[in-house]
Amino acid sequence: MCFIKRICYGLILLLFQSVAAQNNFTGYWEPEVALNYKVGTNYSHNFSLDIRNYTYQMEDLQLHTRHLDIAHFSKLDIGHGQSLAIGAQYRFREVFEDEEQNELRFTQQYNITYQRGNIRFGDRLRTEQRITSDQTIHRFRYRFALDFALQGEKLDVGEPYFVASTESLLSVAKGNGPEWDQRITTNIGWLLNGHTKFQTGLEYRFEDYTQKTENILFLFSSLIFSL
């Protein structure tokens, strides 16, 4: 357990060192509000609203909105820690940046979680169709994640927890070459009460790293309600 924690804390340090080493990168702050609603014993909905804001662009500190996302997921638990989900998301971008386009996105997902001691691991597969007026991008994603309580063997109200993940993405579209991305994410959260969590963290993205790598740093903050 201590060894795993040291690895996760090392990932946070790696994120800061990677940012410091970059002369050119883009920074974002993305606050989110989410609601998880359980319909039955094995079926639930998730609704979310998030706003992505520039904080650093073109070697200049700034704060202005890039886009707003509204998303919905329906999830079916199929047993043995496995689940299937489908989702839809709409991205409002034209209102914030005149030359960009709004986007409709459909998602299909398979997820499995398993426990090893006090640590929960997860593997997630996703396919996505990102639709704009100009093109449709097909994206394929694999994420490995882990989480654990930072105090004691289980998470109690008022206590913090840690989440880390790495995700690989492949995007393909007609007339474009394949684009490979990699994401590394670390989050610390708190169970505020039996129905509410607050979570904040960093994500570093290496986008299109086989061609011309774009280095992007996200600061996330999420307020998550469960009913």
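These legends accompany a set of close-up views of a predicted model.

**View 1. The whole chain is one helix followed by strands.** The fold holds one helix and eleven strands. Going along the sequence, the order reads α-β-β-β-β-β-β-β-β-β-β-β, so the helix is the element to find before tracing the strands. Of the 227 residues in the chain, 40% are buried.

**View 2. Strands 6, 7 and 8 are joined by antiparallel pairing.** Start with strand 6 (residues 119-131) and strand 7 (residues 136-149), which pair in the antiparallel sense through twelve bridges. Together they make a hairpin, with four residues between the two strands. To find your place on this pair, look for Thr127, whose bridge partner in strand 7 is Phe140. Strand 7 is also joined to strand 8 (residues 160-173), again in an antiparallel arrangement with twelve bridges. Here Phe148 makes a handy landmark, as Phe162 of strand 8 stands opposite. While you look along these strands, keep in mind that side chains in a regular strand alternate between the two faces of the sheet.

**View 3. A nonpolar patch lies on the surface.** Eight side chains are worth picking out here: Leu49, Ile70, Tyr90, Phe92, Val95, Phe96, Leu104 and Phe106 make a nonpolar surface patch of about 670 Å². At least two residues of the patch come from strand 4 (82-92), and at least two from strand 5 (103-116). Leu49 belongs to strand 2 (residues 43-57). Why can Leu49 be part of a surface patch? Its relative accessible area is 41%, which makes Leu49 partly exposed, and patch residues need over 30%.

**View 4. Arg91 and Asp69 form a buried salt bridge.** The side chains of Arg91 and Asp69 meet with an N to O distance of 2.8 Å. Arg91 is in strand 4 and Asp69 is in strand 3 (residues 60-79), so this salt bridge ties together parts of the chain that are 22 residues apart in sequence. Are the two partners buried or exposed? Both Arg91 and Asp69 are buried.

**View 5. Two further salt bridges differ in their surroundings.** Glu203 and Arg205 form a salt bridge at 2.5 Å, N to O. Glu203 is buried, at 8% relative accessibility, and Arg205 is buried too, with a relative accessible area of 7%. Now turn to Asp77 and Lys75, a salt bridge whose closest N and O atoms are 3.9 Å apart. In this pair Asp77 is partly exposed at 32% relative accessible area, and Lys75 is partly exposed with a value of 32%.

**View 6. Several charged side chains join in a network.** Salt bridges link Arg124, Glu128, Arg139, Arg141 and Glu167. Across the structure, the count of salt bridges comes to 15.

**View 7. Aromatic rings cluster, and charges sit over rings.** Tyr28, Tyr54, Phe218 and Phe220 are linked into a cluster by ring pairs. A search of the whole structure gives ten aromatic pairs. While you are looking at Tyr28, notice Arg52, which lies over the face of that ring at 5.7 Å from the ring centre. Elsewhere, look for Tyr161: the charged end of Lys197 sits over its ring, 5.2 Å from the centre.

Technical notes: Residues numbered from 1 in each chain as written. Predicted model: local features only at pLDDT ≥ 70, side-chain atom pairs only at ≥ 80, totals over all residues. Heavy atoms only, no water. Patch = residues over 30% accessible without salt bridge, like charges linked within 9 Å, V, L, I, M, F, W, Y side chains within 5 Å. Areas by Shrake-Rupley, 256 points an atom, 1.4 Å probe, with all protein chains shown as cover. Salt bridge = Lys/Arg side-chain N within 4 Å of Asp/Glu carboxyl O. Buried < 20%, exposed > 50% of the residue type's maximum accessible area, 1.4 Å probe, protein only. Phe/Tyr/Trp six-rings, centres within 6.5 Å; stacked < 30°, edge-to-face > 60°. Lys NZ or Arg CZ within 6 Å of the ring centre and 35° of its normal. Pairing = 2+ DSSP bridges.
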